[in-house]
Amino acid sequence: MIPGSFAYHRPTSVKDAVSLLGSLGEDARAIAGGHSLIPMMKLRLAAPAHLIDLAGVADLKGIREDGRDIVIGVMTTQHELVSSELLANKIPILRETSLQIADPQVRYVGTIGGNIANGDPGNDMPAVMMCLNATYHAVGKTGERRVAAREFYQGAYLTALKPGELVTAVRIPVPPSGHGHAYEKLKRKIGDYATAAAAVVLTLSGGKVSTCSVGLTNVAETPLWAEEAGNILTGSALDAATVKKAVAAAEAITSPASDGRGPAAYRTKMAGVMLTRALARAKERAA
Amino acid sequence: MAKSQISMTVNGKKVEELVEPRTLLIHFLREQLNLTGPHIGCETSHCGACTVDLDGKSVKSCTMFAVQANGADIRTIEGMAAADGTLHVLQEAFREMHGLQCGFCTPGMITRAYRLLQENKKPTEEEIRFGIAGNLCRCTGYQNIVKAIQYAAAKINGVPLQEAAE
């Protein structure tokens, strides 16, 4: 499988990358780790005339603290997310999620930017970013704007990104210390996309839930933020009846496709099962 | 399409070549450098037969363009044995523990195991299995591959081999 021909560009600054994206227009694609784009190009489902490789842009790498947020450059690989002690301490759900993405070789090369910006509903990070209420930095010719992850995903491979814009970083508000978290993913084998997956971040106070946020992966055209489920759980002691009600609310917003991973009704049910498990584990971990 | 000039270090040797941007690293290695150790298996980033070591990472060379590897330091299975032909401890381990049957996955398995042991000198059986999850073998059922990696780890660490449970 050999991709179509293209011209290769390797800018060294965000400014040059955005300027190339703008001037080359719709025939140009930015490439990060390439582990979504190159397989598409090999199948000729994508045939960009220009590839703009972001690997030479140093500003797009790295994980740093900025006030109460952690900012992650889009070229940071899944492997680097797994290795980061800062993330392990502050936002441990990112390591837990990264380790469930693909396999070791893919994690060495695949980036958080590709995972969140491609708009593939099978990717794991988007629902986690919605759960964490992350914001994406989008840079275009006219400057930078910030888009909430919860408003970024509009359809399969369709995002709020405008032509010529590049996501440069992900900004995540650090959840309170002592929060509980879990990313539960049902998959047929290692490396597979989720049949269904659920992300939970919650805080407890006196045995009751003070905040709770839920994200769901691969059970709709877009990742989902299950706002109502989180609201139902807030104030509860995560008793079985309330969990059941919240799970029903989460299942109600899913609309998965029937495919090799199972019929739609099964995948909806599995989203509920993953959420139930994620809630139990997050509760165990919460201080 | 205009060709690009790339240079890299492959198995310790400097190479400079012209490539079309669309040339995948696996094709570059096999067809331009005649390094046919890395294999083309699934071509869809799943099987890991094309795995090479690149700048301290295990990568699937079927899912990278050669131009992206410009400037990189690459090691393939051909670069594992010593110049005098002495096998690398992992090669010896795969032979001793019958870690291969048809051998198709072996170059990828060994280059991947090499990086795994660089990062984790004493992996548990579970860590080995998780660490080679990106490499498929259709013959062995993995048991002897895991044993071979345990053999190599034990030898590197100078401790007696503790075999995986049957």
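**Figure 1. Helices α2(B) and α5(B) are oblique to each other in this predicted model.** The two helices pack at an angle of about 135°, a value that is oblique because angles over 145 would count as roughly antiparallel and those from 65 to 115 as roughly perpendicular. Their axes are 8 Å apart, and the crossing of α2(B) and α5(B) is right-handed. On the α2(B) side, the contact is made by V89(B), L90(B), A93(B), F94(B) and E96(B). The residues of α5(B) that take part are A148(B), I149(B), Y151(B), A152(B), K155(B) and I156(B).

**Figure 2. Packing of helix α2 against helix α3 in chain B.** Helix α2(B) comprises residues 89-96 and packs on α3(B) at an angle of about 130°, with the axes 10 Å apart. At this angle α2(B) is oblique to α3(B), and it passes α3(B) in a right-handed crossing. L90(B), Q91(B) and F94(B) are the residues of α2(B) at this contact. They meet T106(B), I110(B), A113(B) and Y114(B) of α3(B). L90(B) and F94(B) also belong to the contact that α2(B) makes with α5(B).

**Figure 3. Packing of helix α3 against helix α5 in chain B.** The axes of α3(B), residues 106-119, and α5(B), residues 143-157, come within 11 Å and cross at roughly 40°. The two helices are therefore oblique to each other, since only angles under 35 degrees would count as roughly parallel. The contact joins M109(B), A113(B) and L117(B) of α3(B) to a set of α5(B) residues made up of I145(B), I149(B), A152(B), A153(B) and I156(B). The crossing of α3(B) past α5(B) is right-handed. A113(B) also takes part in the contact of α3(B) with α2(B), while I149(B), A152(B) and I156(B) of α5(B) also serve in the contact with α2(B).

**Figure 4. The fold of chain B as a setting for its helix contacts.** Chain B contains five helices and five strands, arranged along the sequence as β-β-α-β-β-β-α-α-α-α. Its C-alpha trace spans about 55 × 30 × 25 Å along the principal axes. The radius of gyration is 16 Å, which agrees with the value near 15 Å for a compact globule of 166 residues. Of these 166 residues, 47% count as buried. Among contacts with a separation of 6 or more, 56% are between residues 24 or more positions apart.

**Figure 5. The loop residue N34(B) has a positive phi.** N34(B) lies in the loop between α1 (25-32) and β3 (51-54) of chain B. The phi of N34(B) is near 55°, positive in a residue other than glycine. Most residues other than glycine have a negative phi. N34(B) is exposed, because 8 other C-beta atoms lie within 10 Å and a residue with 12 or fewer counts as exposed.

**Figure 6. The open four-stranded sheet of chain A and the helix that lies across it.** The strand order is β11-β12-β13-β14, with antiparallel pairing. The edge strands β11 (180-186) and β14 (224-225) each pair on one side only. Strand β11(A) pairs with β12(A), residues 196-205, in the antiparallel sense over seven bridges. Within this pairing, K185(A) has A197(A) of β12(A) as its bridge partner. Helix α8(A), residues 125-132, lies across β11, β12, β13 (208-217) and β14 of chain A and runs at about 155° to β13(A).

**Figure 7. Burial of helix α8(A).** Eight of the eight residues of α8(A) are buried, so the helix is largely enclosed by the rest of the structure. These residues are M125(A), P126(A), A127(A), V128(A), M129(A), M130(A), C131(A) and L132(A). N133(A) follows the helix and has a positive phi, near 55°.

**Figure 8. The loop residue L238(A) is buried and has a positive phi.** L238(A) lies in the loop between α9 (227-233) and α10 (240-252) of chain A. Its phi is about 55°, although L238(A) is not a glycine. L238(A) counts as buried because it has 20 C-beta neighbours inside 10 Å, and 20 or more are required.

How values were computed:
Residues numbered from 1 in each chain as written. Chains lettered and ligands numbered in written order. Predicted model: local features only at pLDDT ≥ 70, side-chain atom pairs only at ≥ 80, totals over all residues. Pairing = 2+ DSSP bridges. Contact = placed C-beta atoms within 7 Å. Axes fitted to C-alpha atoms, helices over the stretch in contact; angles between N-to-C directions. Rg over C-alpha atoms; globule rule 2.2 N^0.38 Å. Left-handed = near helix turned anticlockwise from the far one by under 90°.
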